[in-house]
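Here is a short briefing on charged pairs and one buried acidic side chain. Please look over the sequence and the model first.

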Amino acid sequence: MSKLAKLITNKPFVFILYFGLSFFAVAKSVILSHIHNNYFVYKYNFINVIHQHTIFGYQPQHFQDLNHYGPVFALLMAPFALLPDGLGVILWVMFNAWVLYIAIKLLPLKESHHIIILLICAHELMTSSSNVEINPLIGALIILSFVFIRNKKEFWAAFVIVLGTLIKLYGIVGLAFFFLSKDKLKFVLSLLFWSVVLFVLPMFISSPAYIIQTYHDWYGDLVTKNLNNIGHSLQDISVMGLIRNIFNYQQLSNITVLIPGILVFAIWYMRIKLFDSIPYQLLLLASTLIFVIIFSSSSESPTYIIAFAGVGIWFMNLDRPVTGFETGLLVLALIITSLSPSDLFPRYLRLHYVAPYKLKALPCVLIWLKIIYEMITRKFNQKSQYKPVASQQP
């Protein structure tokens with residue numbers, strides 16, 4: 001056991017695993033000339049914006065599937081889209097992995113705890129990287145909004161929240177950390193500033209009329225996507241998807257589940273005296289990262305890197321020693337949520353149980369409910385595993 005403990009906290013080993021699995025997944029696709037379709041969806045977001053073509057709707061001459069990202073994403077993709085596809089896709093995947101690594105590294109935890117969170121996330125990150133997904137970046141932006149607010153950098157917190165929201169709506173959950181801010185007026189004004197700047201910025205590579213129309217089209221695209229998610233074999237891996245498929249209740253309305261979920265999520269705000277407690281703050285972060293995925297009908301397997309970062313943060317934020325029940329929840333998440341899409345998991349179980357019943361979501365739902373229970377009952381103490389604000393310099 002001592003050798004295992006040394007291995008899972010060994011920085012070179014964990015870094016090789018964390019970055020290496022993702023590099024292997026994307027490099028393999030390039031070598032085999034099977035670059036994932038998602039990369040071309042992202043690439044043509046940029047190309048279509050600069051040529052002022054619609055970025056929504058089917059474009060089979062360029063890619064399959066649909067683009068669901070806002071026009072500001074074009075600016076982020078520009079450095080990668082201008083490169084040869086093989087190099088561009090590798091750098092894109094590694095950039096996502098690196099940004100998530102930086103965000104986790106800045107959390108107010110001991111370095112050894114950062115390492116274990118990276119290890120917990122490594123396989124789920126590879127799943128996202130295999131699909132060339134943007135979700136590691138979105139998860140990183142949510143974590144960074146938390147880090148910046150804690151470090152009294154409201155201006156930059158507002159930037160990452162607005163950026164994440166205008167790329168993929170998930171980023172808006174960074175507003176959950178509003179009450180951690182020590183300068184709420186500055187935070188609100190910064191949100192307004194960055195909303196204007198990031199709304200206008202894509203106009204410099206296109207035109208004002210085009211960008212305004214694109215945002216109008218984006219709203220319609222997201223409404224349609226939300227309706228189409230229900231019954232989709234690869235999406236709706238959520239609380240709603242669990243209920244619909246386990247109980248064969250396809251007519252379930254998202255809002256019927258979402259409103260109670262939001263009310264339960266808001267329990268965090270009841271213990272006002274604990275707002276300055278680092279472990280209590282980290283509980284909010286973990287809850288937020290998991291909540292945004294398990295209550296979204298758009299959630300699919302590669303999206304769960306966001307929730308899994310929350311799982312890792314939750315586990316390393318627990319009082320020590322952890323209980324057998326808590327360890328069991330982590331193991332269940334590692335097996336059902338992280339490993340089930342891979343060849344390491346029995347194919348029969350994946351095809352006949354996990355996929356059709358959306359069971360990938362179940363361990364994260366159970367962990368989120370455990371977090372809610374901790375919010376209500378746990379006694380919080382500042383311990384040596386936490387770092388004060390002053391030591392964190394993003």
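The points below cover salt bridges and then a buried glutamate without one.

This is a predicted model: local features need pLDDT of at least 70, side-chain atom pairs count only at pLDDT 80 or more, and totals for chains, interfaces and linings use all residues. Residues are numbered from 1 along each chain as its sequence is written, and side-chain values use heavy atoms, without hydrogens or water.

**Salt bridges**
- The whole structure holds 9 salt bridges (a side-chain nitrogen of Lys or Arg within 4 Å of a carboxyl oxygen of Asp or Glu).
- D85 pairs with K43, with the closest N and O atoms 2.7 Å apart. D85 lies in helix α5 (residues 85-105) and K43 in helix α3 (residues 37-50), so the pair ties together parts 42 residues apart in sequence (helices are DSSP runs of H or I, at least four residues, numbered from the N terminus).
- K43 is buried at 12% relative accessibility, while D85 is partly exposed at 25% (buried is under 20% relative accessible area, exposed over 50%, partly exposed in between, with a 1.4 Å probe and protein chains only).
- K182 and D276 form another salt bridge, at 2.7 Å between the closest N and O atoms. K182 is exposed at 53%, and D276 is exposed at 53%.
- K370 and E326 meet at 3.0 Å, N to O. Both are buried. Shared partners join D319, E326, K370, E374 and R378 into one network.

**Buried E133**
- E133 sits in the loop between α6 and α7 (135-150).
- E133 is buried but has no salt bridge; K168, the nearest side chain of opposite charge, is 4.9 Å away (Lys and Arg count as positive, Asp and Glu as negative; His and chain ends are not counted).

Terms used. Helices (H or I, at least four residues) and strands (E, at least two) are DSSP runs, numbered from the N terminus.
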